[in-house]
Amino acid sequence: MESLGGQLGIVVENLEEFGRVASNLDIATNIEANDIALQLGQITNIMDDLDFTTFEQFGDSLVRLGNNVAAQESSIMNVAQRLAAIANVTSMTTPQLLGWSAAIASTGQRSESAATAISNSITGIGKAVSEGGKKLDAFAKIAGMSADEFKAKWENSSSEALEAF
């Protein structure tokens, strides 16, 4: 697992922690060792707040979510892997990414189609916020806010703005 971490860009001094967390997740979840190492490495490369100091918290959160929502860890990770780029662009944190991924995975939809739909929605909302106009007004109305309130909420925390729906 450490060699896979190295191939994914995990720096040498962090490979031991990466391998330990991936190995523990292999035991504690329904995800195979190489798959979890690959997904963890790829998400680490995307999310600004995920690094060797937060690997263990990430693993603990994933296991806790898998035990408490209607989705297995593999489904949560599949969605997280697909949403990580848009989550990072919209300044979501890794815990928010995991939370949204668990919620989406628990719907039972295929991770590919669900993540694509959510990604498209987030992109559309972001575009509406940046351009203003009728689309922003419509999103704000759905969220029960004025356009200015929704824009401020989105710019402060896209995750919280999504929760308003």
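**Ser159**

I started with Ser159, which counts as buried at 3% relative accessibility. For my own record, buried means under 20% relative accessible area, exposed means over 50%, and partly exposed is in between, with a 1.4 Å probe and protein chains only. Ser159 sits in helix α10, residues 158-163. Helices here are DSSP runs of H or I with at least four residues, strands are runs of E with at least two, and the numbering goes from the N terminus. Setting aside neighbours within four places in sequence, I found Ser159 in contact with Met92, Gln96 and Trp100. Contact means heavy atoms within 4.5 Å.

Ground rules, noted before going on. This is a predicted model, where local features need pLDDT of at least 70 and side-chain atom pairs count only at pLDDT 80 or more, while totals for chains, interfaces and linings use all residues. Residues are numbered from 1 along each chain as its sequence is written, and side-chain values use heavy atoms, with hydrogens and water left out.

**α7 against α9**

Next I looked at how helix α7 (residues 111-131) packs on helix α9 (residues 147-156): the angle is about 120° and the axes are 10 Å apart. The axes are lines fitted to C-alpha atoms, for helices over the stretch in contact, and the angles run from 0 to 180 degrees between N-to-C directions. α7 and α9 are therefore oblique to each other. On that scale, under 35 degrees is roughly parallel, over 145 roughly antiparallel, 65 to 115 roughly perpendicular, and the rest oblique. I noted the crossing of α7 and α9 as left-handed, meaning that the near helix is turned anticlockwise from the far one by less than a right angle; clockwise would be right-handed.

Who makes the contact? From α7 I listed Ile122, Ile125, Gly126 and Val129, and from α9 Phe150, Lys151, Trp154 and Glu155. By class, the residues of this contact are five nonpolar, one polar and two charged. The classes are simple: Ala, Val, Leu, Ile, Met, Phe, Trp, Tyr, Cys and Pro are nonpolar, Asp, Glu, Lys and Arg are charged, and the others, Gly among them, are polar.

**The core, and α3 against α5**

I then pulled up the largest nonpolar core, which has 48 residues. A nonpolar core is a set of buried Ala, Val, Leu, Ile, Met, Phe, Trp, Tyr and Cys residues joined through side-chain atoms within 4.5 Å. Ile43, Leu62, Leu97, Phe150 and Trp154 touch the most other members. Helix α5 (residues 73-89) gives the most to this core, with eight residues. Phe150 and Trp154 I had already met in the α7 and α9 contact.

What does Ile43 touch, leaving out residues up to four places away in sequence? I got Leu50, Met77, Ala80, Gln81, Ala84 and Leu97.

That sent me to α3 and α5, whose axes come within 9 Å and cross at roughly 10°. α3 and α5 are therefore roughly parallel to each other. On the α3 side I wrote down Ile36, Gln39, Leu40, Gln42, Ile43 and Ile46; they meet Met77, Asn78, Ala80, Gln81, Ala84, Ala85 and Asn88 in α5. The tally for this contact is eight nonpolar, five polar and no charged residues.

**Single residues**

Thr44 lies in helix α3, residues 33-46. Buried or exposed? Thr44 is buried, at a relative accessible area of 12%. Beyond four places in sequence, Thr44 is in contact with Ile10, Leu50, Asp51 and Phe55.

Glu17 is in helix α2, residues 15-28, and is partly exposed at 22%. Leaving aside neighbours within four places, Glu17 is in contact with Phe52, Phe55 and Glu56.

Ser74 belongs to helix α5. I checked Ser74 against Thr29: they are 45 residues apart along the chain, with C-alpha atoms separated by 7.7 Å. Not counting residues up to four places away, Ser74 touches Asn30 and Ile31.

Ala70 is in the loop between α4 (55-68) and α5, and is exposed at 64%. Its listed contacts, past four places in sequence, are Ala105 and Ser106.

Last one: Ser91, in the loop between α5 and α6 (94-105). Ser91 has a positive phi of about 65° although it is not a glycine, and at 60% relative accessibility Ser91 counts as exposed.
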